[in-house]
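Here is a set of questions and answers on one protein model. Keep the coordinates open while reading.

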Amino acid sequence: MRYIVPTTITEDMLVSSSLTETDHAAWNAGTAYILGARVIRTTTHSIYERLVPGTTATPPESDTTNWLRVGPTNRWAAFDGAVGTRASSTEDISFSIMPGVVRGLALLDLDVEGANVVMTVDGGTVYSRVILPIQTQEDADNWYDYFFEAVQRRTGIILTDLPPFSDGVITVTLTGAGSTISIGALVVGPVYDLGETLASPRIGITDYSRKTVDDFGNVSITERAYSRKMAVDLVLPTANVDVAAARLARVRAKPVVWVGSVNFDSLVIYGWLKDWSITIPGRINSTCSLEVEGLV
């Protein structure tokens with residue numbers, strides 16, 4: 001079990017992006033806006049919607065009476081710390097960032113045909129990976145599904161072996177053909193190893209949809225978002241218990257990319273640590289139980 005603690009990507013870390021910040025017109029203090037009008041603020045990289053018709057001189061980010069923040073702009077949607085917002089394009093997407101020393105990279109909530117990750121230092125390539133997250137025959141249950149069912153693609157890519165260069169430029173290129181390419185979150189940061197994941201991890205979801213029954217027994221369902229969850233048991237050296245306990249305490253109430261296994265998308269969750277406990281049965285090995293709940 002490993003986890004990646006996200007490094008906040010600031011404006012000076014974003015070296016380049018193929019996505020523009022032109023989702024809507026920029027906010028103008030002198031414009032009279034109608035109800036529902038949307039604008040962007042490049043200072044906060046956010047989209048705002050007008051709640052009350054009229055003109056106000058206060059910027060939307062400081063005027064919650066007249067403006068509602070809808071979400072990030074498309075250019076920054078992959079860096080806002082959430083997977084529910086997606087950066088998308090009908091053409092290949094490319095980001096170049098210089099985040100300092102990081103060992104982990106997570107590309108989450110993907111809808112792509114391929115991904116290329118390159119790190120350069122002073123113009124020279126020090127790391128390069130090409131990933132094709134497309135189902136192979138080994139991933140399918142049988143040959144019929146492989147040939148006749150819709151193509152299945154992995155929705156997450158996890159790398160934990162980036163070389164530790166403080167001035168490394170990481171370029172991520174997402175590719176597709178004839179369809180919209182999108183990514184929910186691009187996360188980089190230091191990687192911490194807790195221990196070896198044991199057999200029988202548990203996965204599931206918490207569904208926030210609502211079922212309503214009227215006086216005549218008719219049922220209606222309102223579909224809402226859901227969050228993923230994972231429960232994992234792992235083994236670690238007893239000598240590392242204090243270090244592991246301190247690390248887990250430091251990431252409480254913080255979104256972290258938890259990697260139970262890189263072989264299953266279901267065992268990679270971007271979320272917070274709901275509960276954990278360590279059992280110390282002896283001097284050699286100890287066990288740890290984790291419960292993780294994903295961001296909606």
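**Salt bridges, rings and a small sheet**

The structure holds seven salt bridges, each a side-chain nitrogen of Lys or Arg within 4 Å of a carboxyl oxygen of Asp or Glu. This is a predicted model, in which local features need pLDDT of at least 70 and side-chain atom pairs count only at pLDDT 80 or more, while totals for chains, interfaces and linings use all residues. Residues are numbered from 1 along each chain as its sequence is written, and side-chain values use heavy atoms, with hydrogens and water left out.

Q: How far apart are the closest N and O atoms of Arg2 and Asp193?
A: Arg2 lies in strand 1 and Asp193 in strand 15 (residues 191–193), so their salt bridge ties together parts that are 191 residues apart in sequence. Strands here are DSSP runs of E, at least two residues long, numbered from the N terminus. The closest N and O atoms of the pair are 3.6 Å apart.

Q: Is Asp193 buried, partly exposed or exposed?
A: Buried means under 20% relative accessible area, exposed over 50%, and partly exposed in between, with a 1.4 Å probe and protein chains only. The relative accessibility of Asp193 is 44%. Therefore Asp193 counts as partly exposed.

Q: Which residue forms a salt bridge with Glu49?
A: Glu49 lies in strand 4, and its partner lies in strand 3, so the pair ties together parts that are eleven residues apart in sequence. The closest N and O atoms are 2.8 Å apart. The partner is partly exposed, at 38% relative accessible area. It is Arg38.

Q: Which residue does Asp233 meet in a salt bridge?
A: Asp233 lies in strand 20 (residues 226–237) and its partner in strand 17 (residues 202–207), so the bridge ties together parts that are 31 residues apart in sequence. Asp233 is partly exposed, with a relative accessible area of 24%. The N to O distance is 3.2 Å, and the partner is Arg202.

Q: How far apart in space are Glu293 and Arg202, C-alpha to C-alpha?
A: Glu293 sits in strand 23 (residues 285–294). Glu293 is buried, at 12% relative accessible area, whereas Arg202 is partly exposed at 41%. The two are 91 residues apart in sequence, and their C-alpha distance is 12 Å.

Q: What is the strand order of the open sheet of three strands?
A: Two strands pair if DSSP finds at least two bridges between them. Strand 3 (38–41) and strand 5 are the edge strands, each pairing on one side only. Pairing is antiparallel, and the order is 3-4-5.

Q: Which residue stands opposite Val39?
A: Four bridges join strand 3 to strand 4 (residues 46–50), and these strands run antiparallel. The residue opposite Val39 lies in strand 4. That residue is Tyr48.

Q: Which residues make the nonpolar surface patch of about 230 Å²?
A: Patch residues have over 30% relative accessible area and no salt bridge; like charges are joined within 9 Å, and nonpolar side chains (Val, Leu, Ile, Met, Phe, Trp, Tyr) within 5 Å. Areas come from the Shrake-Rupley method with a 1.4 Å probe, and for residues only the protein chains shown count as cover. One member, Leu68, lies in strand 5 (residues 67–72) and is partly exposed at 45%. The patch is made by Leu51, Val52 and Leu68.

Q: How many aromatic pairs are there?
A: Rings of Phe, Tyr and Trp (its six-membered ring) pair if their centres lie within 6.5 Å; planes under 30 degrees apart count as stacked, over 60 as edge-to-face and the rest as tilted. By this rule the count is five.

Q: What is the angle between the planes of Tyr3 and Trp258?
A: The pair is tilted, with 5.0 Å from centre to centre. Tyr3 lies in strand 1 (residues 2–4) and Trp258 in strand 21 (residues 256–259), so the pair ties together parts that are 255 residues apart in sequence. Tyr3 is buried at 1% relative accessibility, and Trp258 is buried at 0%. The angle between the planes is 35 degrees.

Q: Why is the pair of Tyr33 and Trp67 edge-to-face?
A: Tyr33 is buried at 11% relative accessible area, and Trp67 is buried at 3%. Their ring centres are 5.2 Å apart. The pair is edge-to-face because the planes stand at 75 degrees.
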